[in-house]
Amino acid sequence: MNALYFPVLLLAFLDIFNPFLQQKGEVTDLACLARNGRLEISCRVSGIDDSMVRQALDAGEVVGFEYFLEVRQSRSIWFSEFIGETVLKKELYYNNLTQQYFGLVPEKGQNGAELIFKDFDQAAAWLRQLQAAEWNLSKEFQVGKAYLRARVVLKRKSLLFLLPVETTTPWQRATIGRP
């Protein structure tokens with residue numbers, strides 16, 4: 001039984017030094033528009049090495065991006081007022097048998113929508129970009145004073161371990177505007 005501990009500990013040690021962990025990335029082109037009580041959000045993640053993502057996918061791992069979005073309203077006297085927050089998830093995996101990339105958008109309580117990509121460039125572009133995502137807020141805010149904060153958590157689910165390996169981009173901020 002003790003002979004099993006050494007290979008597991010060795011693999012865990014090697015996984016800590018995985019180059020995917022050094023991938024920080026940055027949220028760019030963050031834009032937010034208020035339309036009819038809804039927010040339309042778009043952004044991109046840049047600074048991620050595609051070869052590392054491809055290497056993880058080819059190894060059979062699932063790579064996921066979690067877009068953390070938070071709306072706050074500026075106040076002149078005290079801290080910003082919290083309006084709402086949400087998390088949008090995207091996952092990408094590769095099937096060696098069909099040689100296709102599958103993009104998954106998990107929804108709460110459902111399996112979500114699945115997209116099929118023939119080549120890696122399309123799949124990576126889909127994973128890195130959030131286009132016209134809609135978000136209904138239950139709380140009122142003023143368009144000129146409210147702003148959106150966004151960050152992305154890059155997740156890699158390993159087959160050998162139960163805990164995902166993840167890195168986080170810094171927060172970015174954009175003022176909520178009108179179309």
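Here are some notes on the chain, its pockets, its one cavity and a few residues.

1. First, the basics. This is a predicted model, so keep that in mind for everything below. The protein chain holds three helices and 10 strands. Going along the sequence, they come in the order α-β-β-α-β-β-β-β-α-β-β-β-β.

2. On packing and surface: the chain has 179 residues, and 38% of them count as buried. Take the contacts between residues at least 6 apart in sequence, and 61% of those join residues at least 24 apart. The exposed area is about 11,100 Å², with carbon and sulfur atoms supplying 54% of it.

3. If you're after a site to look at, start with the largest pocket, which has a volume of about 300 Å³. Its lining runs to 14 residues, and Val87, Leu88, Lys89, Pro106 and Glu107 are the ones nearest the centre. Which strand gives the largest share of that lining? That would be β4, with five residues. Both β4 (81-95) and β7 (129-136) supply at least two residues each. By class, the lining of this pocket splits into eight nonpolar, one polar and five charged.

4. The second largest pocket offers about 160 Å³ of space. A run from the early part of the lining list, Ala34, Arg35, Asn36, Gly37 and Arg38, is joined by Leu137, Lys139, Glu140, Phe141, Val143 and Arg178. Here the split is four nonpolar, two polar and five charged.

5. How many cavities of 30 Å³ or more turn up? The count is one, and the space in it is about 30 Å³. Its lining is made of Ile48, Asp50, Val53, Phe65, Ala124, Leu127 and Arg128. Helices α2 (50-58) and α3 (120-128) each bring at least two of these residues, and α3 gives the most, with three. Five of the lining residues are nonpolar and two are charged, with no polar ones. The charged pair here is Asp50 and Arg128.

6. A quick word on cysteines. The disulfide count comes to zero. Cys32 is buried because its relative accessible area is 3%, under the 20% cut-off. Cys43 is likewise counted as buried, at 2% relative accessibility.

7. Now Gln100, which sits in strand β5 (residues 100-105). Is this residue buried or exposed? It counts as buried, because its relative accessibility is 14% and the cut-off for buried is under 20%. Beyond its neighbours within four places in sequence, Gln100 contacts Tyr93, Tyr94 and Asn95, along with Ile116, Phe117 and Lys118.

8. Arg151 is worth a look too; you'll find it in strand β8 (residues 146-157). With a relative accessibility of 24%, Arg151 counts as partly exposed, because that class lies between 20% and 50%. What does Arg151 touch, residues up to four places away in sequence aside? The list is Val27, Glu66, Tyr67, Phe68, Thr168, Thr169, Pro170 and Trp171. One of these, Phe68, is 83 residues from Arg151 along the chain, yet the two C-alpha atoms are separated by 5.4 Å.

Note on methods
Residues are numbered from 1 along each chain as its sequence is written. This is a predicted model: local features need pLDDT of at least 70, side-chain atom pairs count only at pLDDT 80 or more; totals for chains, interfaces and linings use all residues. Side-chain values use heavy atoms; hydrogens and water are left out. On a 1 Å grid over the protein atoms alone, a cavity is a set of points where a 1.4 Å probe fits but cannot get out, and a pocket is an open set with protein on both sides within 12 Å along at least five of seven lines; lining residues have an atom within 4 Å of a point. Grid points are joined across faces, edges and corners, and a volume is the space filled by probe spheres set on the points. Helices (H or I, at least four residues) and strands (E, at least two) are DSSP runs, numbered from the N terminus. Buried means under 20% relative accessible area, exposed over 50%, partly exposed in between (1.4 Å probe, protein chains only). Contact means heavy atoms within 4.5 Å. Accessible areas come from the Shrake-Rupley method with a 1.4 Å probe; for residues, only the protein chains shown count as cover. A disulfide is a pair of cysteine sulfur atoms within 2.5 Å.
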